[in-house]
Structures are given as structure tokens and as C-alpha cells.
Amino acid sequence: MSHSTIEDVARLAGVSAATVSHVINGTRFVSPQTKKAVLDAIDALSYIPNRSARNLKTGKNNTIGFITPTLTNSYFFNIIEQVESMIRKAGYSLLISNSMENVEKEIQSLRYMSSGFVDGIISISAIQNFNDIANIIPKKLPIILIDRVLDNYMCDTIEVSTYDSFYEATLSLLDSGRHTKIGYLGSNDNLKTTMERFSGFQDALTLKCWDSNKVCIRTADSTADAQEIGTAYSNIEEMIAHGVTAILVSTNLMTQEALRYFSNHNISPQKDIELIGLFNPPYICPFSEMKWINMPGKTLGTMAGKMILERLDNPDKPYEHQILKSKIITN
């Protein structure tokens, strides 16, 4: 079945195509009777206005697209909140799409947003290589990759380096003199952020010549669906059963699961089994004296909002690559 056109709507409503355009865009007064006839025709034909064509006239949508891998992670929520705050001051709205860490869903969102619905895109991507999406994004459409940077990127980027924090956190566990077996719970994906965190952990173990028999490594799906199933929760339980005295956790959602396990079993994350995890508390950390690795979500969101606005104002300037760092915090 072919899609209805603006001419089809005009013909059914008994008006000109220009009048239909004025009704849709609100660019000129149209009598209530004529407006009703046009709207009734639009409804009858299930007509969807071609925003790309409309934007040829105005040149902009005043909308920024944001692709997030999840809506349940407080870290990403903090980023979104700050981006929206920044762009709203400049008269832009935010269109949010949840890829659910699914590459195909992300590509669908990119295609949709790139078809004339947004003036620019900010993405926390689940894709590995920019070449996989380069042909989808129009050359004149600004895109900023944040938190996760793709191979062969050809755009502005802001990444967060976590290597130093995981390296230092591991050293603090090894140097404490109180631990006989250390656990590491990581995500089971191949994202660069995942690899970087694990490298920090491994390099610290190598530096201290730590016996591999005194290490318990587990990986799990770190998405919201896995949180509902309790994958990370069961991994924490398994590591404790294997005798770990300290656990390092590499994602926000999995740290939440670890804290839930500790709370349910009255385990102190400092005095009983030392827990250090990447964590973005919604308010405050629920355990005193606990260390965690904090991601600069609000700073990243503010920078991303500012960067996309600057790119829209100056589309031909050289690409920027900014690097933020996580840090270890003690509650």
C-alpha cells in the first residue's frame, strides 16, 4: 500500500496543498472549518507529514536526538538530565531512544533520527566500529559519541577513562594485607569500556605478582533485563561461596545488585567482605566507609550538551576529542 501524499490530503479536503501545509506547520491563519476538513482528511488517509521536506524551509527542528543503551541506569539518566538542561536553554528539545544495548535497535534509531527528525545526535553506542554507521548518518548531521568511543570515529567524542580507577582500586585491595582471595565481576560484552576496566584490574595483579589461584573472575549480562533475573546477584553469591574476601565490580547496575545481596545477608562491604564497585548512587551511598568508583555523569552530560550546540553553530570546525576520568570515592 502506497503512502498518502499532501496532494491526496488536499484533494480529499477540497483545498490546496499550500493550505494543508499551513495547517500542519501553523504558518498562516486557516479558518476553523477548513482546518477541521484538513485534519479529518489527514486522519482518514493516515497521512504522515514529511518532516524532511518541511525542514528544507526552516532548516532546523530544534530537536536533538539522544540514544542511550538503557533508561534504568542512574549514570546514563544523569547524563540525559544534564544534556536536556543545557540544550533547553538554547531552545532545543531532546528526543530519547533506548537501544537496550541492541545494535540493530540502535541502527534503527539512527536511521529514524537521521531522516529529518533531529538537528544533531548524541549517542552512547553499543556499536564497535564507526564504519558500521557512517553511511547511515548524513554528512551534515552532527553526531557526538560519548562515554563509549568507536573505532574509526569521524565525529566529536567525549570518553570517560576508568583504567586508573580500577588499577588503583585493585592495588588498594592487594596492599591492604587483609585479603586472601579477590573477586572480579565484569560485564560479558566486548565494549572498550569493559576491556579497559578489566585491564586495570589485571595490570595491578601483575604488578603485585598476585597468585592467579587467589582470584575469582565472573562475567555477567549487565543490562536491566539481567538485573531483573538476578544474574549479577547469583554471581556475587557464587564468589562468596568460593571464599573471596574482596570483590571489585565493573558496572553500576551490577554494583547495585552486589549491594542488594550484601544488604539481604547483613554483610558489611567494608568490614566483612570489602566491596568496591563502579557506582552512581541516586542520592547517597547506603553503606558508610564504602569505596566506590564514581563516573562523572553530570559533567559528561553538560559537556555533551555544550559540544552539540557549538557544533550546530560552527559545523565546519575540527572535531574535538575530550577525555574525562572516573575517581574513587569513600562514603
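Modeller: In this account, Ala, Val, Leu, Ile, Met, Phe, Trp, Tyr, Cys and Pro count as nonpolar, Asp, Glu, Lys and Arg as charged, and the others, Gly among them, as polar. The structure discussed here is a predicted model.

Biologist: How many polar residues are in the lining of the second largest pocket?

Modeller: The second largest pocket holds about 390 Å³ of space. Its lining consists of 16 residues, and Pro138, Lys139, Leu141, Met154 and Tyr319 lie nearest its centre. By class, the lining has 11 nonpolar and five charged residues, while the number of polar residues is none.

Biologist: Which charged residues line the largest cavity?

Modeller: The count gives one cavity of 30 Å³ or more, and the largest cavity encloses about 60 Å³. Its lining comprises Ser125, Ile127, Gln128, Arg148, Val149, Leu150, Leu191, Lys192 and Thr193. By class, this lining has four nonpolar, three polar and two charged residues. Because Lys and Arg count as charged, the residues sought are Arg148 and Lys192.

Biologist: Is helix α1 parallel or oblique to helix α3?

Modeller: The axes of α1 (residues 6-13) and α3 (residues 32-45) come within 9 Å and cross at roughly 125°. Angles of 65 to 115 degrees count as roughly perpendicular and those over 145 as roughly antiparallel, so the crossing makes α1 to α3 oblique.

Biologist: Which charged residue takes part in the contact of α1 with α3?

Modeller: From α1, the residues Asp8, Val9, Leu12 and Ala13 meet Ala37, Val38, Ala41, Ile42, Ala44 and Leu45 of α3. These residues divide into nine nonpolar, no polar and one charged. Because Asp counts as charged, the residue is Asp8.

Biologist: At roughly what angle do the axes of α7 and α8 cross?

Modeller: Helix α7 spans residues 163-175 and helix α8 spans residues 192-207. The contact between them includes Phe166, Tyr167 and Leu171 in α7, and Phe201, Ala204 and Leu205 in α8. By class, the contact has nine nonpolar, three polar and three charged residues. The passage of α7 by α8 is a right-handed crossing, and the axes come within 7 Å and cross at roughly 35°.

Biologist: Is the crossing of α5 and α12 left-handed or right-handed?

Modeller: The axes of α5 (residues 74-89) and α12 (residues 297-313) come within 7 Å and cross at roughly 40°. Among the residues that make the contact are Tyr75, Ile79 and Met86 of α5, together with Leu300, Ala304 and Ile308 of α12. The residues of this contact divide into nine nonpolar, six polar and two charged. As α5 passes α12, the crossing is right-handed.

Terms used:
Residues are numbered from 1 along each chain as its sequence is written. This is a predicted model: local features need pLDDT of at least 70, side-chain atom pairs count only at pLDDT 80 or more; totals for chains, interfaces and linings use all residues. Side-chain values use heavy atoms; hydrogens and water are left out. On a 1 Å grid over the protein atoms alone, a cavity is a set of points where a 1.4 Å probe fits but cannot get out, and a pocket is an open set with protein on both sides within 12 Å along at least five of seven lines; lining residues have an atom within 4 Å of a point. Grid points are joined across faces, edges and corners, and a volume is the space filled by probe spheres set on the points. Axes are lines fitted to C-alpha atoms, for helices over the stretch in contact, and angles run from 0 to 180 degrees between N-to-C directions. Helices (H or I, at least four residues) and strands (E, at least two) are DSSP runs, numbered from the N terminus. Angles under 35 degrees count as roughly parallel, over 145 as roughly antiparallel, 65 to 115 as roughly perpendicular and the rest as oblique. Contact means heavy atoms within 4.5 Å. A crossing is left-handed if the near helix is turned anticlockwise from the far one by less than a right angle, and right-handed if clockwise.
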